[in-house]
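Work through the exercises below with the sequence and the model at hand. Each task is followed by a solution in steps.

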Amino acid sequence: MAITTVRPAVPVRRRPPRDVAWNRFLAWLGLHAVAVAIAIAFIAPLVFILLTAVMTDQQALTPDLWPRVWRWDNYVAVFRAAPLLTYLGNSLLYAVLSTGLMLLSSVPVAYAMSRLRWRGRDLLFYSVIVAMLLPPQVIAIPIYVLWAHLHLTGTLWPLILPNLFGDAFSIFLMRQFLITIPQSYSDSARVDGASELQILLRVIVPMGKPGIAAAALFSFLNAWNDYFGPLLYTGENQANWTLSVALASFHSVHQVQWNLTMAATVLVMLPVIVLFFFAQKQFIEGIKFSGVKG
Amino acid sequence: MTAVLEKRPGGASVARPPARRRRRGRGRRLTILAFTAPWLIGLTLFFLYPAVATLVYSFTNFDLIDNPTFAGVKNYVFLFTSDPLLWTSIGNTVWLTVALTVGRVLFGLVAAVVLVRIKRGAGIFRTLFYLPALAPPVAASLAFVFLLNPATGPVNQFLHLFGIQGPLWFNDPAWAKPSLAVLGLWTSGTIIVIFLAALLDVPGELYEAASLDGANGWQQFRSITVPAISPVITFAVVNSIITGLQYFTEAVVAGAVASGSSYTSGSSNNLGYPSNSTLTFPMWLYEQAFHQFHMGYASAMAIVLFIVSGVFTVVLVNRMRSAGIGEEEE
C-alpha cells in the first residue's frame, strides 16, 4: 500500500498483483485466527463454569459439558449451603470502608506529591513506590502482633483501618494522574487567593476525577479479591470470613458438589465483571497510568 | 493571598516584608505536613516499624504468647542448614516466578501485537482479553482445578477428542506448577493492556519508512517495535518478578481444592499438595509464622524475602527514575 501512496513515480496500480493480495489475505486470516483462538481460550473457562453451575449434582460429576436439566435453583441452593450473605456483607464492609478511608487519606497525599513543590518530596514518593512493591509477607508478623495486642485479630479491622494512613498503590496511581494536570490551573486559583485545600477540592479533584475513580475502583477490587489478608486475620473466625476465604473452603465442605461450587464461583466473580462493564474506561486508564506512564 | 506578589513580574516579591514571607513559608510547610501526615504515619507504623521489628524478631525465639527471647543467629543457621522444606519452597518459587514472567510477557506481547493490528471488533477483543484478569484469584483457582480435573474436566475431554491422554494436572507433582502457569496466562490481561498502550504510542511513520525500505513484519517487529517499547517490557519483567516472589493465593487454593481439603480450617497437612510441589516460599513463611507460631524463624525467612525483593525493587525504582518519574509537566 505504501508503494501506491508514497511514490507517484511508480505507475499507480489500482489492484495489487494477485500474489501480493493473496499474501495480504493470508496475513489477515492468520491474525484473526490467532485473535479468535485467544478469545475462545479466554472465554471458554467462564462458559464451562456457567454451564456446570446449573447442572444437577450427579451430572456435574460426569464428563458432560452441556446441562441435561437446567437447575437454575442451584443459585438459591448455594445460599442454603453456606451463609453467603454474611460473607457478602463482610466483603462489602472490607471493600467499601477501605475505599472510602483510602480516598480520605490518600487524595491529599497524592496532591502534595504532585501539585506542590517541596524539599524531600521525591524521597517520600520513592517510599511510596517501595512500600507498594514490598511483599506483604515480609512485614506481616510485627503488624499481626500489633493487632493482636489491640485484640482486633479475628476481625477485618486490621485490613480496613490502615487505609486511614494512605494506601501506597492508590497514592502512586493518583499522583501519576494528578501530575499531568497543567500547573497553570493551580496557579491561577492561587492568584485568586485560594488556599491549597480549596484548590484541591475545587480545582484538582474535579479535574482529577478519572484518576481518582480509577484508584477507587482498584482499591475496591483489591479488597474484594484479597485472600492473604482475610485469611490471616479472619481465618480462625468464620463469622468474619469474606467471600474469598469462604469460597476457598467451600469445596472441601461440600465435597463433591462441583455444581454448587461453580455457582458460588460465579457469584463471587459477578460483581467484579459487572463493575468492569460499567467502568471499563477507568480500569484501562488506571492500568496505563500505573504501568506505562510510570 | 501573598502569592499574588510572587506572581507579579518585575521583582515585586523582593519587596515583600521578610516577616510575611516567613509566615507564608510556615503556613505552606504546615499545609504540606497536614496533607502528607497520613502517609508519614502509615509509612512509620506499617512499613518502617514492622521492617525493623522483623529484623529484631529474626534474632529471637518468639511464639506470640511469651515475650521474644534472644536466640542469636540460630534462626538463620537453621534456615540454611536444617529446614527440610526451605529449598523445595525456594525452588518452587523460582520455577513459578520464571515461568510466569516469561510466559506472561511473551504471551502478552503476542496478544498485544495481534490486538493492535485488528481493526474491526477491536473493542470486543480487548474486553475479552482483559476480562479474566479481574477474576478474584480464589475464584480463578477453583475454576481451573475444575477445568483441569483429570477425569471429568473439559480440558482433558478436549484432549481426548484427539486421542491424547491428558495429564493429572493439579494432582501430579510434575504437572501442578505448569497448571498454575496456565492459570497465570489466563489472567495476563493487565500486561496485555500495558503492552497495547505502549504499542499504540509507537509512531506509525517508523513502520511506513521501514516498509518502504522493504523490511518484512518480523524485521519491523525486531528493529522498531521491541526497541520502542523496551522500557515497558523491562517494567513488566521486573514487576512480574516481584509479584512472582509473593506467589501465594493461587498455590494455596489450588493445592487445597485439588487435595479435597481446605487451608482455612487449619488442617495444613496438604499444604503444597501434591508432594510439596506447589509449596512456595511465602506459603512456607505463612505456615511457620501463623500455624506453627515459629515467629522468630519466620521473621528470618521474611528478611531473606525482603533482601531478594529489595534487589528487584531497586532495579525497578532506578528504571522509573531514569524514565523521569519524578518529573513534572508544566
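**Exercise 1: the domains of chain A**

Between the centres of domain 1 of chain A and domain 2 of chain A, taken over C-alpha atoms, the separation is 34 Å. The model used throughout is a predicted one.

Task: State where the two domains of chain A lie in the sequence, and which elements give two or more residues to the side of domain 1 of chain A that touches domain 2 of chain A.

Solution.
- Step 1. The domain assignment places domain 1 of chain A at 16-74 and domain 2 of chain A at 83-291.
- Step 2. Where these domains touch, ten residues of domain 1 of chain A are in contact with nine residues of domain 2 of chain A.
- Step 3. On the side of domain 1 of chain A, the elements that give two or more residues are α2 (18-53) and α3 (57-60) of chain A.
- Step 4. The most comes from α2(A), which gives four residues.
- Step 5. By class, this side of domain 1 of chain A has six nonpolar residues, three polar and one charged.

**Exercise 2: chain B by itself**

Task: Describe chain B by its helices and strands, its buried share and its domains.

Solution.
- Step 1. Chain B holds 14 helices and two strands.
- Step 2. Of the 330 residues in chain B, 41% are buried.
- Step 3. Take the contacts in chain B between residues at least 6 apart in sequence: 68% of them join residues at least 24 apart.
- Step 4. The division of chain B is into domain 1 (3-47) and domain 2 (78-322).
- Step 5. The centres of domain 1 of chain B and domain 2 of chain B, taken over C-alpha atoms, are separated by 45 Å.

**Exercise 3: the contact between the chains**

Task: Find how many residues each chain brings to the contact, and which helix supplies the largest share on the side of chain B.

Solution.
- Step 1. Chain A brings 89 residues to the contact and chain B brings 92.
- Step 2. On the side of chain B that touches chain A, helix α2 (residues 18-57) of chain B supplies the largest share, 18 residues.
- Step 3. The residues on this side of chain B are 66 nonpolar, 20 polar and six charged.

**Exercise 4: α2(A) against α4(B)**

Task: Classify the crossing of α2(A) and helix α4 (residues 86-117) of chain B, and list the residues that make the contact.

Solution.
- Step 1. The two axes come within 10 Å and cross at roughly 120°.
- Step 2. Angles of 65 to 115 degrees count as roughly perpendicular and those over 145 as roughly antiparallel, so α2(A) is oblique to α4(B).
- Step 3. The crossing of α2(A) and α4(B) is left-handed.
- Step 4. From α2(A), the contact uses L31(A), V34(A), A35(A) and I38(A), and from α4(B) it uses A111(B), V114(B) and R117(B).
- Step 5. Sorted by class, the contact of α2(A) with α4(B) has six nonpolar residues, no polar and one charged.

**Exercise 5: α6(A) against α14(B)**

Task: Do the same for helix α6 (residues 121-133) of chain A and helix α14 (residues 295-322) of chain B.

Solution.
- Step 1. These axes come within 10 Å and cross at roughly 140°.
- Step 2. Roughly antiparallel requires an angle over 145 degrees, so α6(A) is oblique to α14(B).
- Step 3. The crossing of α6(A) and α14(B) is right-handed.
- Step 4. The contact is made by Y126(A), I129(A), V130(A) and L133(A) of α6(A), together with T313(B), L316(B), V317(B) and M320(B) of α14(B).
- Step 5. The classes in the contact of α6(A) with α14(B) are seven nonpolar, one polar and no charged.

Technical notes:
Residues are numbered from 1 along each chain as its sequence is written. Chains are lettered from A and ligands numbered from 1 in the order in which they are written. This is a predicted model: local features need pLDDT of at least 70, side-chain atom pairs count only at pLDDT 80 or more; totals for chains, interfaces and linings use all residues. Domain bounds come from an automatic or database domain assignment. Two residues are in contact if their C-beta atoms, placed from the backbone, lie within 7 Å. Ala, Val, Leu, Ile, Met, Phe, Trp, Tyr, Cys and Pro count as nonpolar, Asp, Glu, Lys and Arg as charged, and the others, Gly among them, as polar. A residue is buried if 20 or more other C-beta atoms lie within 10 Å of its own, exposed if 12 or fewer, and partly exposed in between; C-beta atoms are placed from the backbone. Axes are lines fitted to C-alpha atoms, for helices over the stretch in contact, and angles run from 0 to 180 degrees between N-to-C directions. Angles under 35 degrees count as roughly parallel, over 145 as roughly antiparallel, 65 to 115 as roughly perpendicular and the rest as oblique. A crossing is left-handed if the near helix is turned anticlockwise from the far one by less than a right angle, and right-handed if clockwise.
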